[in-house]
Amino acid sequence: VVEGLRAALEDDGSDRWRHAASDHSRRRRVIDAYRNEWPAHKIGLFGDIDEASALATAVSTPGPFAPPVLLPKSALAPRLVEAIEAGDLRRCVEEVCEGVYAFDLFSAEFTTALLAEVDYFYASKLPAARPNSMNNYGIIVNDIGLEPLMVALQRLVLLPLARELFSSSDRGDPATGFDSTHAFVVKYRADEDSHLDVHTDDSDVTFNVCLGRDFEGCGLVFCGMIGAADHRCHKHTYHHRVGACVVHLGARRHGADHITSGERLNLVIWNHGLAWRESEGAMAHQMAYEKEGGPPDPRCVSYTHDRDYGSFKPYTAGIVDFKHRGWCPPQGAEYNGFRADE
C-alpha cells in the first residue's frame, strides 16, 4: 500500500489512485459483511473493537502486553513469551540452516482459533482475493479484518526478532524497519495447489507459520540467496510442525514439495521496509549476478523462472506452458556447460 501510494505521487497516478480506491472499497465491503453478517467469530478482536481503533492501538502500543492488549500472552507460545519478558528473543530460536530459523510462534489454543476463523470465512462464501500470483487457494487476512492483529504482531514480535537474526546480513540490514505487511493464508491439497514452485518472495523478511492440519509431504525446500553463485544449490528441507514458524529473508530461493495426503494451511507474513528496499544492498543482486559454480540441484530448479529446467526435470502437462519463458540464470551468469531448454 505504501509503495503504491508513493508511486502514484511520483507520476500522474490517476490510474493507480482509481485502482487503490476500488481495491479499498472492495476490501471494506468484505470486512463489513464478514463482521456484521457472520458474528460467531473465533478471535475476540472482531467483537471487542472496531478495526480503525484496533489498528491505531497496534501502532501506538508502547511494548508487548502493555494495555490495551491487542496481542495477548495467550496467543503466543509459552517459550516465546518467556523470551520476550526476559528481553532475549534469540533464546527461543533454532537455526535450521544458515540464514533460516524456526521457533514456536503461536500457542496451541490460538493456532486452533485462527484456523477456525479461516474456516469460518471460507464458509461465508464471501469473495477472497488471491494472496499472490503463485497461490490459487487462500485468503489475505487483512481482507477479513485481521490487519490490526498482524500489525501488532509485526511491531511487537516479528520486527524485534528480525533485527536479532538479520541485522548482520552481508548484504546490509533488511530489518532496519518495517513499514507494511502482507499477511495471507495458503492452502495445499493434492487436488488444489499441491506444491509451490521454487521462487523468492516480494518480502524483506518472511515468517511462515503452520496452522494445520494432518498432512504428509509438502516439505519446505531452501536453496541459496538470489544472485549468489549457489542460489540454486540445496541447503535444507524443513518439515512443518503445527504452531511453529520458519523465518528467512525473502531473497532466499525456496519452494514447497508436493503434498502426498491431507491438507496443510500456513499463515505467511511478508514484511516490507522502504529504507531497506532503497539501499544498495537490496539492489545488489539486480546489478551483478554471480556466475554459478556448477549445475543446480534438481530440488532447486524452477519451471517458472529457469531457462534450463528441462535438463533436470520433465515439463509435465500442468507446467509445459512455462517452457521457454524463464530468465534465470541471466546471460553471463550461467555455469560452465549450461544448456537452455530446446
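Reader: What pLDDT does the protein average?
Author: This is a predicted model: local features need pLDDT of at least 70 and side-chain atom pairs count only at pLDDT 80 or more, while totals for chains, interfaces and linings use all residues. Residues are numbered from 1 along each chain as its sequence is written, and side-chain values use heavy atoms, with hydrogens and water left out. As for pLDDT (the predictor's confidence in each residue, from 0 to 100), 87% of the residues score at least 70, and the average for the protein is 87.

Reader: Where is confidence lowest in the protein?
Author: Helices (H or I, at least four residues) and strands (E, at least two) are DSSP runs, numbered from the N terminus. There are nine helices and twelve strands here. Confidence peaks in strand β2 (residues 100-104), at 97, and bottoms out at a mean of 55 in helix α1 (residues 2-10).

Reader: What share of the 342 residues is buried?
Author: A residue is buried under 20% relative accessible area, exposed over 50%, and partly exposed in between (1.4 Å probe, protein chains only). By that cut-off, the buried share of the 342 residues is 52%.

Reader: Why is strand β12 (residues 259-272) largely enclosed by the rest of the structure?
Author: Strands pair if DSSP finds at least two bridges between them. Strand β4 (residues 180-189) pairs antiparallel with β12 over ten bridges, β6 (residues 205-212) does so over seven, and β7 (residues 215-217) adds three antiparallel bridges. Strand β12 counts as largely enclosed because the buried residues among its 14 number eleven.

Reader: In β12, which residue is the bridge partner of H182?
Author: You can walk along β12 by its partners: G217 bridges to I259, and G212 stands opposite L265. H182, in turn, has as its β12 partner W270.

Reader: Which helix gives the largest nonpolar core its largest share?
Author: A nonpolar core is a set of buried Ala, Val, Leu, Ile, Met, Phe, Trp, Tyr and Cys residues joined through side-chain atoms within 4.5 Å. The largest one has 57 residues, and L76, L80, L105, V157, F207 and L267 touch the most other members. Twelve of the core residues, its largest share, come from helix α7 (residues 147-166).

Reader: Which residues are included in the second, separate core?
Author: Take L267 from the main core as a reference point: beyond neighbours within four places in sequence, its contacts (heavy atoms within 4.5 Å) include F106, M150, F184 and F207. The second core is separate and has ten residues, among them Y188, L196, C218 and W270.

Reader: Is the disulfide of C223 and C300 left-handed or right-handed?
Author: A disulfide is taken as a pair of cysteine sulfur atoms within 2.5 Å, and the whole structure holds one. The sulfur atoms of C223 and C300 sit 2.0 Å apart; C223 lies in strand β8 (residues 220-225) and C300 in the segment after α9 (280-287), so the bond ties together parts that are 77 residues apart in sequence. Both cysteines are buried. The S-S torsion is about -95°, so the disulfide is left-handed.

Reader: How far is the sulfur of C218 from the closest cysteine sulfur?
Author: C218 is buried, at a relative accessible area of 1%. The closest cysteine sulfur belongs to C210, and it is too far for a bond because the gap is 9.1 Å.

Reader: How far apart in space are Y315 and Y303, C-alpha to C-alpha?
Author: Y315 lies in the segment after α9 and is buried, with a relative accessible area of 17%. Its contacts beyond four places in sequence include Y303, Y309, F322 and D341. Y315 and Y303 are twelve residues apart in sequence, and their C-alpha separation is 7.7 Å.

Reader: What is omega for the cis peptide bond that joins C328 and P329?
Author: Most residues other than glycine have a negative phi, and most peptide bonds are trans. The bond from G212 to R213 is cis, with omega near 0°, and R213 sits in the loop between β6 and β7. P329 lies in the segment after α9, and omega for the cis bond from C328 to P329 is about -5°.

Reader: What is phi of K125?
Author: K125 is in the loop between α6 (108-124) and β3 (138-140) and is exposed, with 72% relative accessible area. H324, exposed at 54%, has a positive phi near 75°. K125 is likewise a residue other than glycine with a positive phi, and its value is near 65°.
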